[in-house]
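Here's a quick briefing on the empty spaces and the cysteines in this protein. Have a look at the structure first, then read on.

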Amino acid sequence: MSYLVIARKWRPQSFADIVGQEHITRTLQNAIRTKRIAHAFLFTGVRGVGKTTAARILAKALNCEKGPTPVPCNECTHCEEIAQGRSIDVLEIDGASNRGIDEIRQIIENVRYQPAQCRFKIYIIDEVHQVTKDAFNALLKTLEEPPPSVKFILATTEPHRLPATILSRCQRYDFRRIKLREIVQRLSAIAKAEAVEITDGALVLLAREADGSMRDAQSLLEQVLAFGESSDKTDARIRVDERSLHEVLGLAERQVLYQISAAVLQGDARQCLELITEVFNQGCDLGRLARDLVEHFRNLLVARLIGSSSKEPTA
């Protein structure tokens with residue numbers, strides 16, 4: 001059997017498994033429970049926060065043999081086919097490569113027919129903002145009044161590029177960036193299941209580099225696991241610490257950030273240039289170093305402000 005990357009292996013299969021989007025999963029589950037299911041949904045948010053995953057789970061919830069149900073069984077034929085991308089009634093379409101009016105006309109033609117096996121025929125259009133204006137115009141009438149057996153789920157990272165006529169016809173759900181603590185907890189659970197020993201500092205560093213994206217965090221973990229190795233031949237477990245992360249990801253160590261910030265505060269331009277040159281020669285990305293420095297100075301400022309406010313006398 002071919003190897004399955006962590007991001008696919010640990011993709012959530014139910015609403016309860018989606019991390020950091022409780023405001024959306026609760027609303028969708030309540031809509032299914034009360035039978036207030038819209039005909040068109042718009043999922044927006046940055047990369048890797050669960051838009052396509054939520055769309056697949058919603059498709060399973062609507063087409064599950066025990067449903068429509070807020071908790072798909074993940075055991076029936078429909079759930080398994082949707083999870084594996086084999087369902088002929090749940091179509092995932094890439095908006096970047098199917099952006100023209102001819103592709104949209106094909107969708108309009110197909111919605112006339114009843115689902116072959118499932119309860120609903122569902123179109124999941126990813127990166128829908130790349131669809132052309134003429135194609136959007138052709139889709140308007142179908143998107144506003146589709147047949148009862150058809151649902152549309154549109155996903156995009158750039159909702160501002162969608163026409164207002166499309167936005168007004170969809171029920172919009174804004175996915176948030178996932179909090180650092182939630183990413184750390186998820187990565188920790190994955191690491192334990194994969195027999196990986198990873199330090200808390202390394203988990204925080206991975207989560208920080210992911211910038212609110214669970215998929216990015218899992219991809220970084222995958223990269224680190226390929227680099228890590230067991231120090232004990234009798235123990236197959238992989239061990240990962242902060243130093244190995246700095247080597248793999250080309251990050252500047254926190255100690256360097258403190259040294260550069262100290263040189264800046266002392267007005268020592270020579271020391272700053274020497275430190276930056278040393279980091280550059282080690283292969284670190286200077287753009288990432290700049291972002292790390294901005295975050296570091298921001299943390300120093302917050303710490304100073306909190307310290308000052310705690311010393312003020314209370315009335």
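There's one cavity of 30 Å³ or more to look at here, and keep in mind that this is a predicted model. The largest pocket holds about 430 Å³ of space, and the second largest has a volume of about 350 Å³. On the cysteine side, the disulfide count is zero.

**The enclosed cavity**

- The largest cavity contains about 60 Å³ of space.
- Its lining is made up of Arg11, Pro12, Gln13, Thr53, Arg56, Ile57, Lys60, Ile82 and Ala83.
- Two elements give two or more residues to that lining: helix H3 (51–63) and helix H4 (77–83).
- H3 gives the most, with four residues.
- Sorted by class, the cavity lining has four nonpolar, two polar and three charged residues.

**The largest pocket**

- With about 430 Å³ of space, the largest pocket has 23 residues in its lining.
- If you want to find its centre, go to Gly48, Val49, Gly50, Thr53 and Arg215, which lie nearest to that point.
- Thr53 turns up in the lining of the largest cavity too.
- Helix H1 (6–9), H3 and helix H10 (214–227) each put at least two residues into the lining of the largest pocket.
- That lining splits into eight nonpolar, six polar and nine charged residues.

**The second largest pocket**

- This pocket, at about 350 Å³, is lined by 15 residues.
- Nearest its centre you'll find Ala207, Arg208, Glu209, Asp211 and Glu295.
- Helix H8 (180–193), helix H9 (200–210) and helix H14 (286–311) each supply at least two of the lining residues.
- H14 has the largest share, with four residues.
- Charged residues number 10 in this lining, alongside four nonpolar and one polar.

**The cysteines**

- Why is cysteine 64 not bonded to cysteine 73? Their sulfurs sit 3.5 Å apart, and a disulfide needs them within 2.5 Å, so the gap is too far for a bond.
- Cysteine 73 has the closest cysteine sulfur to that of cysteine 64.
- Cysteine 64 counts as buried because its relative accessibility is 0%, and the cut-off is under 20%.
- Cysteine 118 isn't in a disulfide either: the nearest cysteine sulfur belongs to cysteine 76 and is 8.5 Å away.
- Cysteine 118 is also buried, with a relative accessible area of 8%.

Key
Residues numbered from 1 in each chain as written. Predicted model: local features only at pLDDT ≥ 70, side-chain atom pairs only at ≥ 80, totals over all residues. Heavy atoms only, no water. 1 Å grid on protein atoms, 1.4 Å probe; cavity = no way out; pocket = protein on both sides within 12 Å on 5 of 7 lines; lining within 4 Å. Points joined across faces, edges and corners; volume = space filled by probe spheres on them. Nonpolar A, V, L, I, M, F, W, Y, C, P; charged D, E, K, R; others polar. Buried < 20%, exposed > 50% of the residue type's maximum accessible area, 1.4 Å probe, protein only.
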